[in-house]
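Trainee: I should like to go through this model and ask what justifies each description.

Mentor: Please do; let us begin once the structure is displayed.

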Amino acid sequence: MTELAEQKCEACRADAPLVSDEELAELLREIPDWTPLARDGVMQLERVFKFRNFKQALAFTNRVGAIAEEVGHHPALLTEWGKVTVTWWSHEAGGLHKNDFIMAARTDKQLEAE
Ligand SMILES: C[C@H](O)[C@H](O)[C@H]1CNC2=NC(N)=NC(=O)C2=N1
């Protein structure tokens, strides 16, 4: 099985299939540091990353922004002194798609790129 971060994102479409409860449970096992949550009825994946200062938080933010631009699939990013909150969901599809799990796994790899 190809590692989640290496898998290919599909194009973001309104009718894209959202993950089932079983798929959610299975995919979460590959990204254990991420929390599934519902905001206004929309399922999302969220993780808070801690850093030594704002400069490191901003550099990480920009790395995540770059991988988002590469695939055309974008997170919500809250950058604070020493902290970055990253939230993934598929806006047009209105919930969690496999793309969001792939991008969460790729987000984790941006820590190594430091
Ligand atoms: C036109 C543009 O490609 C679309 O709006 C893309 C942009 N990035 C996106 N990012 C996310 N997370 N979900 C989307 O539905 C989405 N759609």
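**Reasoning from the model**

Mentor: The model is a predicted one. Glutamate 92 is found in the loop that connects strand 4 with helix 3.

Trainee: Why does glutamate 92 count as exposed?

Mentor: A residue is exposed if 12 or fewer other C-beta atoms lie within 10 Å of its own. Glutamate 92 has 11 C-beta neighbours inside 10 Å, so it counts as exposed.

Trainee: Which residues does glutamate 92 touch, leaving aside those up to four places away in sequence?

Mentor: They are Cys12, Arg13 and Ala14; contact requires C-beta atoms within 7 Å. As for aspartate 15, its C-alpha lies 8.0 Å from that of glutamate 92, although 77 residues separate the two in sequence.

Trainee: Which residues are around the ligand?

Mentor: Glu92 is one of them, together with Cys12, Gly72, His73, His74, Ser90 and His91.

Trainee: What makes up this shell by class?

Mentor: It has one nonpolar, five polar and one charged residues. Cys counts as nonpolar and Glu as charged, while Gly is placed among the polar residues.

Trainee: How do you know that strand 1 and strand 2 pair?

Mentor: Pairing requires at least two bridges. Five bridges join strand 1 (residues 35–39) to strand 2 (residues 42–50), and the two run antiparallel. Threonine 35 has glutamate 46 as its bridge partner, proline 36 faces leucine 45, and alanine 38 faces methionine 43.

Trainee: What lies between strand 1 and strand 2 in the hairpin?

Mentor: Two residues separate them, and aspartate 40 in the turn has a positive phi of about 50°.

Trainee: How many bridges support the pairing of strand 2 and strand 4?

Mentor: There are six bridges, in the antiparallel sense, with strand 4 covering residues 83–88. Within this pair, valine 48 stands opposite threonine 85.

Trainee: In what order do the four strands form the open sheet?

Mentor: The order is 1-2-4-3, with antiparallel pairing. Strand 1 and strand 3 (76–80) each have a single partner strand, so they stand at the edges, with one side of each lacking a neighbour in the sheet. From one strand to the next, the twist averages 25°.

Trainee: What makes strand 1 hardly covered?

Mentor: Burial requires 20 or more other C-beta atoms within 10 Å. Among the five residues of strand 1, the count that are buried is zero.

Trainee: Which residues of helix 3 are buried?

Mentor: Among them are Phe101, Ile102, Met103 and Ala104, and also Asp100 and Arg106. The buried residues of helix 3 pack against helix 1 (21–28), strand 2, helix 2 and strand 4.

Trainee: What is the span of helix 3 set against?

Mentor: Its 15 residues (98–112) reach 23 Å from first C-alpha to last, close to the 21 Å expected at 1.5 Å a residue.

Trainee: Across which strands does helix 2 lie?

Mentor: Helix 2 (residues 54–71) lies across strand 2, strand 3 and strand 4, and runs at about 165° to strand 3.

How values were computed
Residues numbered from 1 in each chain as written. Predicted model: local features only at pLDDT ≥ 70, side-chain atom pairs only at ≥ 80, totals over all residues. Near = placed C-beta within 6 Å. Axes fitted to C-alpha atoms, helices over the stretch in contact; angles between N-to-C directions. Contact = placed C-beta atoms within 7 Å. Expected span 1.5 Å × (residues − 1).
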